[in-house]
Amino acid sequence: MSFFQTEEQKEYINKLEQAIASFSYREQELDESRSFPYQNIRELKDFGYTALTLPKEYGGRGGTLYDFLLGQELIASKSGSTALSIGWHLGGIMEINERKNWNSEVKEELMKSVAKGALVNRAATEPKTGSPTRGGRPETTAILEGGSYVITGRKTFTSLSPMLDYFIVSAWVPKDESIGWFLIHRDSSGVSIEETWDVISMQGTGSHDLVLDSVKVDTKYYVENQTKRSAKGAPWLLHIPACYMGIAAAARDYSVSFAKTYTPNSLPGPIAELPNVQRLIGKMDLELLQARHFLYSVAEKWEQQPQEQEKLTVDLAAVKTSITNSAIKIVDMAMRIAGAQSLQRKNPLQRFYRDVRAGLHNPPMDDAVISLLAKTALTEE
């Protein structure tokens with residue numbers, strides 16, 4: 001079923017698919033070598049995808065949330081780690097432009113750099129505070145000295161770090177007694193990346209540690225203050241479920257193809273003719289259809305019904321939890337169809353299985369979402 005809204009969307013995604021045709025062929029080698037997908041990111045830059053959500057006034061495509069999610073699902077079906085990492089960049093650009101709380105001069109400086117190919121991501125998670133969505137205060141500090149802030153600390157899970165040009169770093173600002181966010185260029189003195197990312201899934205996101213050793217930042221790059229940040233929902237975070245849905249779709253496609261072509265000598269035809277295999281395929285497609293409808297209907301409502309956005313904030317969280325858990329179910333069923341062959345190192349299903357589980361640890365977390373849904377229900381009049 002097509003989820004395109006317009007012919008223009010369809011044409012763009014078809015061109016993107018051609019541009020990233022080689023991604024899936026690189027995945028096994030990247031996984032085995034535990035490498036970062038440099039070539040994938042360069043090809044996305046060449047295509048112009050890294051400026052998809054950049055407003056046209058800055059030289060970008062001015063893509064919508066819906067455009068963004070279509071692209072993310074497609075890329076994830078070829079390379080999950082590439083999709084997740086570039087999604088943080090594109091989502092960050094969308095957030096800055098939608099919330100409109102940056103100094104116009106600094107914002108324009110960053111956006112023009114993005115138009116030329118620069119990559120940016122937020123750096124918020126720390127070893128002792130865990131996910132920033134839990135409300136922990138960062139141990140990274142920003143001390144005002146003269147006309148500059150001196151920032152010292154360590155950030156974990158800095159996705160896309162091997163190729164990032166800018167970091168938007170959270171830090172405790174004693175002067176304000178609050179959390180502040182600072183735009184820091186990669187080439188600033190005292191900035192370094194420590195290659196700590198060593199995981200069994202999504203290794204290709206390059207989510208290493210960002211180390212900040214007395215980094216001097218001009219006061220104009222103090223771009224956000226936590227107390228002044230809008231409490232509005234974060235629709236750009238839907239790139240997370242879109243990514244895991246794309247991985248699940250790839251697992252579904254592989255297992256269906258396998259079922260059509262695998263004929264053990266104990267059967268007269270392929271295993272696709274077996275009722276139990278057909279049942280698993282049907283259940284996979286049901287999960288995938290539900291996931292796609294949920295994701296794209298919420299995205300469409302967010303864009304077309306701005307008056308309902310406050311209520312839709314709960315839906316945004318629910319989409320992430322529902323789809324990431326569905327993705328895990330889909331990959332599990334795909335592996336049941338392929339049997340023990342799915343565990344072979346050269347079989348992509350074992351990689352899909354490892355990658356989709358990472359979704360459980362991306363924000364918002366399942367327990368927080370379930371609690372939010374319960375509290376919302378209990379406060380209804």
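Me: What makes helix 2 the element that gives the most to the lining of the largest cavity?
Reply: In this predicted model, helix 2 contributes three residues to that lining. Helix 2 runs over 23-33, and the lining includes Glu27, Leu30 and Asp31. Helix 5 (80-99) and helix 10 (348-357) also give two or more residues.

Me: Why are Gly80 and Arg351 called lining residues of the largest cavity?
Reply: A lining residue has an atom within 4 Å of a cavity point. Gly80 and Arg351 are listed in the lining of the largest cavity, so each has such an atom.

Me: What makes up the lining of the largest cavity by class?
Reply: Three residues are nonpolar, five polar and four charged. Leu30, Pro37 and Met202 are in the lining, and they count as nonpolar because Leu, Pro and Met belong to that class.

Me: How do you know how many cavities of 30 Å³ or more there are?
Reply: The whole structure was searched, and two were found. The largest holds about 110 Å³ of space, and the second largest about 30 Å³.

Me: Why is the space of about 30 Å³ called a cavity and not a pocket?
Reply: A cavity is a set of points where a 1.4 Å probe fits but cannot get out, whereas a pocket is open. The second largest space is a cavity, so the probe cannot leave it.

Me: Which element gives the most to the lining of the second largest cavity?
Reply: Helix 10 does, with three residues. Arg351, Phe352 and Asp355 are among the lining residues. Helix 4 (65-78) supplies at least two; Ala76 and Lys78 are in the lining.

Note on methods:
Residues numbered from 1 in each chain as written. Predicted model: local features only at pLDDT ≥ 70, side-chain atom pairs only at ≥ 80, totals over all residues. Heavy atoms only, no water. 1 Å grid on protein atoms, 1.4 Å probe; cavity = no way out; pocket = protein on both sides within 12 Å on 5 of 7 lines; lining within 4 Å. Points joined across faces, edges and corners; volume = space filled by probe spheres on them. Helix = DSSP H or I, 4+ residues; strand = E, 2+ residues; numbered from the N terminus.
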